[in-house]
Amino acid sequence: MNVVVLLGPPGAGKGTVAEVLVGKGYIHVSTGDLLREQIRLETPLGIKAKKLMDGGQFVPDDVVVGMIRDLLKDSAFGTSYLFDGFPRTLVQAEKLAELLQTLNGTLEKVVLLECPVETIVERLIGRRTCGKCGSVYHVTFNPPSKAETCDVEGCELTQRADDTEETVRKRLKVYTEQTAPLISYYEAEGLIQPINADQPINDVRADVIKVLG
Ligand code: AP5
(Lines give C-alpha, C1' and ligand atoms only; values in the text may rest on other atoms or scores of the structure.)
Protein backbone atom coordinates (compact mmCIF):
# COMPACT_ATOMS: atom_id res chain seq x y z
CA MET A 1 0.00 0.00 0.00
CA ASN A 2 1.30 3.45 -0.93
CA VAL A 3 0.15 6.75 0.48
CA VAL A 4 0.53 10.29 -0.83
CA VAL A 5 -0.49 13.08 1.54
CA LEU A 6 -1.89 16.38 0.27
CA LEU A 7 -0.94 18.96 2.88
CA GLY A 8 -1.91 22.62 2.88
CA PRO A 9 -4.17 25.20 4.46
CA PRO A 10 -7.95 25.12 4.05
CA GLY A 11 -8.79 26.33 0.56
CA ALA A 12 -5.34 25.68 -0.93
CA GLY A 13 -7.08 23.34 -3.40
CA LYS A 14 -6.48 19.85 -1.95
CA GLY A 15 -9.89 18.53 -3.02
CA THR A 16 -9.64 20.20 -6.43
CA VAL A 17 -6.27 18.55 -7.11
CA ALA A 18 -7.48 15.21 -5.76
CA GLU A 19 -10.28 15.10 -8.36
CA VAL A 20 -7.78 14.56 -11.21
CA LEU A 21 -5.59 12.11 -9.32
CA VAL A 22 -8.54 9.77 -8.84
CA GLY A 23 -8.43 9.27 -12.62
CA LYS A 24 -4.77 8.26 -12.24
CA GLY A 25 -5.48 5.31 -9.97
CA TYR A 26 -5.46 6.90 -6.52
CA ILE A 27 -8.19 6.33 -3.97
CA HIS A 28 -9.10 9.76 -2.58
CA VAL A 29 -9.58 9.80 1.18
CA SER A 30 -10.78 13.11 2.62
CA THR A 31 -11.32 13.03 6.39
CA GLY A 32 -13.45 16.17 5.97
CA ASP A 33 -15.75 14.30 3.54
CA LEU A 34 -15.88 11.23 5.82
CA LEU A 35 -16.90 13.45 8.74
CA ARG A 36 -19.49 15.35 6.67
CA GLU A 37 -21.02 11.97 5.73
CA GLN A 38 -21.39 11.19 9.46
CA ILE A 39 -23.08 14.58 9.90
CA ARG A 40 -25.44 13.85 7.01
CA LEU A 41 -26.36 10.49 8.57
CA GLU A 42 -26.83 12.20 11.96
CA THR A 43 -24.72 9.57 13.76
CA PRO A 44 -23.55 10.31 17.34
CA LEU A 45 -20.08 10.98 15.90
CA GLY A 46 -21.56 13.29 13.26
CA ILE A 47 -23.52 15.27 15.84
CA LYS A 48 -20.37 15.86 17.94
CA ALA A 49 -18.21 16.57 14.88
CA LYS A 50 -20.65 19.13 13.46
CA LYS A 51 -20.25 21.48 16.44
CA LEU A 52 -16.46 21.39 16.17
CA MET A 53 -16.33 21.68 12.37
CA ASP A 54 -18.85 24.54 12.16
CA GLY A 55 -16.71 26.41 14.70
CA GLY A 56 -13.52 25.80 12.70
CA GLN A 57 -12.00 23.45 15.30
CA PHE A 58 -10.47 20.00 14.72
CA VAL A 59 -12.22 16.77 15.57
CA PRO A 60 -10.21 14.79 18.22
CA ASP A 61 -7.19 12.86 16.94
CA ASP A 62 -8.44 9.45 18.14
CA VAL A 63 -11.65 9.85 16.09
CA VAL A 64 -9.92 10.55 12.77
CA VAL A 65 -7.11 8.07 13.40
CA GLY A 66 -9.79 5.42 14.10
CA MET A 67 -11.48 6.22 10.76
CA ILE A 68 -8.18 5.88 8.88
CA ARG A 69 -7.29 2.67 10.73
CA ASP A 70 -10.63 1.09 9.75
CA LEU A 71 -10.14 2.11 6.15
CA LEU A 72 -6.57 0.85 5.77
CA LYS A 73 -6.88 -2.45 7.58
CA ASP A 74 -8.75 -4.13 4.70
CA SER A 75 -6.67 -2.62 1.88
CA ALA A 76 -5.83 -4.79 -1.07
CA PHE A 77 -2.12 -5.20 -1.87
CA GLY A 78 -0.74 -2.39 -4.04
CA THR A 79 -3.54 0.12 -3.34
CA SER A 80 -2.51 3.78 -3.75
CA TYR A 81 -4.19 6.25 -1.41
CA LEU A 82 -4.34 10.00 -1.63
CA PHE A 83 -4.93 11.49 1.80
CA ASP A 84 -6.57 14.92 1.79
CA GLY A 85 -6.78 16.60 5.19
CA PHE A 86 -5.06 13.78 7.11
CA PRO A 87 -2.77 13.93 9.02
CA ARG A 88 -3.20 17.44 10.37
CA THR A 89 -1.58 17.23 13.80
CA LEU A 90 1.75 15.78 14.91
CA VAL A 91 -0.09 13.07 16.84
CA GLN A 92 -1.95 12.04 13.66
CA ALA A 93 1.34 11.98 11.70
CA GLU A 94 2.93 9.71 14.29
CA LYS A 95 -0.10 7.40 14.34
CA LEU A 96 -0.06 7.21 10.54
CA ALA A 97 3.62 6.20 10.61
CA GLU A 98 2.80 3.45 13.14
CA LEU A 99 -0.15 2.22 11.07
CA LEU A 100 1.89 2.07 7.87
CA GLN A 101 4.66 0.19 9.63
CA THR A 102 2.19 -2.41 10.92
CA LEU A 103 0.56 -2.79 7.49
CA ASN A 104 3.81 -2.73 5.44
CA GLY A 105 2.69 0.48 3.75
CA THR A 106 4.84 3.35 2.50
CA LEU A 107 4.35 7.09 2.73
CA GLU A 108 5.71 8.10 -0.67
CA LYS A 109 5.38 11.88 -0.72
CA VAL A 110 3.82 14.79 1.07
CA VAL A 111 2.67 17.35 -1.50
CA LEU A 112 2.50 20.77 0.12
CA LEU A 113 0.10 23.22 -1.57
CA GLU A 114 1.26 26.75 -0.78
CA CYS A 115 -1.14 29.66 -1.10
CA PRO A 116 -1.36 33.21 0.35
CA VAL A 117 -3.96 33.87 3.05
CA GLU A 118 -6.09 36.43 1.20
CA THR A 119 -6.38 34.16 -1.85
CA ILE A 120 -7.57 31.38 0.45
CA VAL A 121 -10.23 33.56 2.05
CA GLU A 122 -11.56 34.56 -1.39
CA ARG A 123 -11.58 30.93 -2.54
CA LEU A 124 -13.46 29.61 0.48
CA ILE A 125 -16.07 32.34 0.68
CA GLY A 126 -16.88 31.73 -3.00
CA ARG A 127 -16.88 27.92 -2.84
CA ARG A 128 -20.11 26.11 -3.68
CA THR A 129 -20.69 22.37 -3.36
CA CYS A 130 -23.20 19.87 -4.68
CA GLY A 131 -24.86 18.02 -1.81
CA LYS A 132 -25.66 15.05 -4.09
CA CYS A 133 -22.43 14.28 -5.99
CA GLY A 134 -19.88 16.34 -4.02
CA SER A 135 -18.73 18.40 -7.04
CA VAL A 136 -16.90 21.55 -5.96
CA TYR A 137 -17.22 24.91 -7.76
CA HIS A 138 -16.22 28.52 -7.22
CA VAL A 139 -18.53 31.39 -8.11
CA THR A 140 -15.70 33.14 -10.02
CA PHE A 141 -12.74 30.77 -10.49
CA ASN A 142 -14.60 27.58 -11.36
CA PRO A 143 -18.27 28.49 -11.98
CA PRO A 144 -20.96 26.00 -13.01
CA SER A 145 -22.54 26.50 -16.45
CA LYS A 146 -25.75 27.79 -14.82
CA ALA A 147 -25.39 29.98 -11.70
CA GLU A 148 -25.69 28.11 -8.37
CA THR A 149 -26.63 24.83 -10.15
CA CYS A 150 -24.63 21.59 -10.28
CA ASP A 151 -23.54 20.67 -13.85
CA VAL A 152 -23.80 16.96 -13.01
CA GLU A 153 -26.98 16.73 -10.91
CA GLY A 154 -28.84 19.88 -11.96
CA CYS A 155 -29.62 20.64 -8.29
CA GLU A 156 -29.01 23.81 -6.30
CA LEU A 157 -25.46 24.26 -4.95
CA THR A 158 -24.85 24.98 -1.27
CA GLN A 159 -22.24 26.81 0.78
CA ARG A 160 -20.42 24.91 3.56
CA ALA A 161 -21.32 26.10 7.07
CA ASP A 162 -17.60 26.62 7.83
CA ASP A 163 -16.99 28.79 4.76
CA THR A 164 -17.99 32.11 6.36
CA GLU A 165 -15.16 34.65 6.54
CA GLU A 166 -15.05 34.51 10.35
CA THR A 167 -14.78 30.71 10.47
CA VAL A 168 -12.30 30.60 7.58
CA ARG A 169 -9.96 32.90 9.54
CA LYS A 170 -10.36 30.66 12.62
CA ARG A 171 -9.53 27.58 10.51
CA LEU A 172 -6.43 29.32 9.19
CA LYS A 173 -5.31 30.05 12.76
CA VAL A 174 -5.84 26.41 13.75
CA TYR A 175 -3.90 25.34 10.64
CA THR A 176 -0.95 27.56 11.58
CA GLU A 177 -0.90 26.31 15.16
CA GLN A 178 -1.58 22.61 14.68
CA THR A 179 -0.89 21.58 11.08
CA ALA A 180 1.95 23.80 9.87
CA PRO A 181 4.43 22.03 12.23
CA LEU A 182 4.00 18.96 10.00
CA ILE A 183 5.96 20.75 7.29
CA SER A 184 9.25 20.57 9.22
CA TYR A 185 8.33 17.09 10.52
CA TYR A 186 8.08 15.76 6.96
CA GLU A 187 10.95 17.92 5.68
CA ALA A 188 13.18 16.10 8.16
CA GLU A 189 12.11 12.85 6.49
CA GLY A 190 12.82 14.24 3.00
CA LEU A 191 9.19 13.77 1.94
CA ILE A 192 7.96 17.32 1.32
CA GLN A 193 7.28 18.40 -2.25
CA PRO A 194 6.17 22.06 -2.36
CA ILE A 195 3.80 23.25 -5.10
CA ASN A 196 2.73 26.80 -5.90
CA ALA A 197 -1.07 26.55 -5.46
CA ASP A 198 -1.58 30.22 -6.32
CA GLN A 199 -1.95 29.53 -10.05
CA PRO A 200 -4.89 28.58 -12.27
CA ILE A 201 -6.44 25.22 -11.34
CA ASN A 202 -5.10 23.32 -14.35
CA ASP A 203 -1.52 24.55 -13.73
CA VAL A 204 -1.63 23.42 -10.10
CA ARG A 205 -2.99 20.04 -11.16
CA ALA A 206 -0.28 19.66 -13.83
CA ASP A 207 2.48 20.49 -11.32
CA VAL A 208 1.16 17.91 -8.87
CA ILE A 209 0.93 15.23 -11.55
CA LYS A 210 4.53 16.05 -12.56
CA VAL A 211 5.93 15.58 -9.04
CA LEU A 212 4.04 12.33 -8.59
CA GLY A 213 5.54 10.99 -11.80
P1 AP5 B 1 -11.79 19.62 5.22
O2 AP5 B 1 -13.04 19.33 4.51
O3 AP5 B 1 -10.59 18.76 5.02
O4 AP5 B 1 -11.44 21.14 4.94
P5 AP5 B 1 -10.06 21.91 4.79
O6 AP5 B 1 -8.79 21.22 5.05
O7 AP5 B 1 -10.33 23.11 5.62
O8 AP5 B 1 -9.93 22.10 3.31
P9 AP5 B 1 -11.03 22.58 2.34
O10 AP5 B 1 -11.90 21.43 1.91
O11 AP5 B 1 -11.75 23.77 2.92
O12 AP5 B 1 -10.15 23.14 1.14
P13 AP5 B 1 -9.34 22.42 -0.04
O14 AP5 B 1 -7.89 22.65 0.18
O15 AP5 B 1 -9.79 21.01 -0.26
O16 AP5 B 1 -9.82 23.37 -1.20
P17 AP5 B 1 -10.82 23.07 -2.44
O18 AP5 B 1 -10.15 22.17 -3.42
O19 AP5 B 1 -12.19 22.72 -1.97
O20 AP5 B 1 -12.04 19.65 6.80
C21 AP5 B 1 -13.16 20.33 7.34
C22 AP5 B 1 -13.15 20.18 8.84
O23 AP5 B 1 -13.24 18.78 9.20
C24 AP5 B 1 -11.90 20.68 9.57
O25 AP5 B 1 -11.94 22.07 9.80
C26 AP5 B 1 -11.96 19.85 10.86
O27 AP5 B 1 -12.93 20.36 11.73
C28 AP5 B 1 -12.46 18.50 10.36
N29 AP5 B 1 -11.36 17.59 10.00
C30 AP5 B 1 -11.08 17.09 8.78
N31 AP5 B 1 -9.98 16.31 8.80
C32 AP5 B 1 -9.55 16.33 10.09
C33 AP5 B 1 -8.43 15.74 10.75
N34 AP5 B 1 -7.54 14.99 10.08
N35 AP5 B 1 -8.29 15.98 12.07
C36 AP5 B 1 -9.17 16.72 12.76
N37 AP5 B 1 -10.24 17.32 12.20
C38 AP5 B 1 -10.43 17.12 10.86
O39 AP5 B 1 -10.85 24.56 -3.07
C40 AP5 B 1 -11.46 25.62 -2.38
C41 AP5 B 1 -12.16 26.56 -3.39
O42 AP5 B 1 -11.16 27.18 -4.22
C43 AP5 B 1 -13.11 25.84 -4.36
O44 AP5 B 1 -14.19 26.66 -4.61
C45 AP5 B 1 -12.28 25.62 -5.64
O46 AP5 B 1 -13.08 25.61 -6.80
C47 AP5 B 1 -11.36 26.86 -5.61
N48 AP5 B 1 -10.02 26.57 -6.11
C49 AP5 B 1 -9.25 25.48 -5.84
N50 AP5 B 1 -8.04 25.59 -6.45
C51 AP5 B 1 -8.05 26.80 -7.11
C52 AP5 B 1 -7.10 27.49 -7.92
N53 AP5 B 1 -5.90 26.97 -8.20
N54 AP5 B 1 -7.45 28.70 -8.41
C55 AP5 B 1 -8.67 29.25 -8.15
N56 AP5 B 1 -9.63 28.63 -7.40
C57 AP5 B 1 -9.31 27.42 -6.89
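**Exercise 1.** In which helix is Q92 found? Once you have placed Q92, decide whether Q92 is buried or exposed, and list what Q92 touches beyond its sequence neighbours.

*Solution.* A word before we start: this is a predicted model.
- Step 1: Q92 sits in helix α5.
- Step 2: The relative accessibility of Q92 is 2%. Buried means under 20%, so Q92 counts as buried.
- Step 3: Leaving out residues up to four places away in sequence, Q92 touches D61, V64, V65, F86 and P87.

**Exercise 2.** Stay with α5 and describe how α5 packs with helix α8.

*Solution.*
- Step 1: Two packed helices are described by the angle between their axes and the distance between the axes.
- Step 2: For α5 (residues 90–102) and α8 (residues 181–188), the angle is about 35° and the axes lie 9 Å apart.
- Step 3: On the α5 side, the contact uses L90, A93, E94 and L96; on the α8 side, P181, L182, Y185 and Y186.
- Step 4: Sorted by class, this contact of α5 with α8 has seven nonpolar residues, no polar ones and one charged residue.

**Exercise 3.** Find the cavity of 30 Å³ or more and characterise its lining.

*Solution.*
- Step 1: Rolling a probe the size of a water molecule over the atoms shows where empty space is left.
- Step 2: Searching the whole structure gives one cavity of 30 Å³ or more. The largest cavity has a volume of about 60 Å³.
- Step 3: Its lining consists of L6, L7, G8, P10, K14, G85, F86, P87, R88, Y175 and T179.
- Step 4: Two or more of these lining residues come from each of β1 (2–7) and α7 (165–179).
- Step 5: By class, the lining divides into six nonpolar, three polar and two charged residues.
- Step 6: Look back at Exercise 1: F86 and P87 are among the lining residues, and Q92 touches F86 and P87.

**Exercise 4.** Which residues of helix α6 are buried, and what covers them?

*Solution.*
- Step 1: In α6 (residues 117–125), the buried residues are T119, I120, V121, R123 and L124.
- Step 2: Their cover includes β5 (127–129), β6 (136–138) and α7.

**Exercise 5.** How many disulfides does the structure hold? Check C133 and C155.

*Solution.*
- Step 1: The structure holds zero disulfides.
- Step 2: A disulfide needs cysteine sulfur atoms within 2.5 Å. For C133, the nearest cysteine sulfur belongs to C130, 3.7 Å away.
- Step 3: For C155, the nearest is again that of C130, 3.6 Å away.
- Step 4: C133 is partly exposed at 33% relative accessibility, whereas C155 is buried at 17%.

Conventions: Residues numbered from 1 in each chain as written. Predicted model: local features only at pLDDT ≥ 70, side-chain atom pairs only at ≥ 80, totals over all residues. Heavy atoms only, no water. 1 Å grid on protein atoms, 1.4 Å probe; cavity = no way out; pocket = protein on both sides within 12 Å on 5 of 7 lines; lining within 4 Å. Points joined across faces, edges and corners; volume = space filled by probe spheres on them. Helix = DSSP H or I, 4+ residues; strand = E, 2+ residues; numbered from the N terminus. Nonpolar A, V, L, I, M, F, W, Y, C, P; charged D, E, K, R; others polar. Buried < 20%, exposed > 50% of the residue type's maximum accessible area, 1.4 Å probe, protein only. Axes fitted to C-alpha atoms, helices over the stretch in contact; angles between N-to-C directions. Contact = heavy atoms within 4.5 Å.
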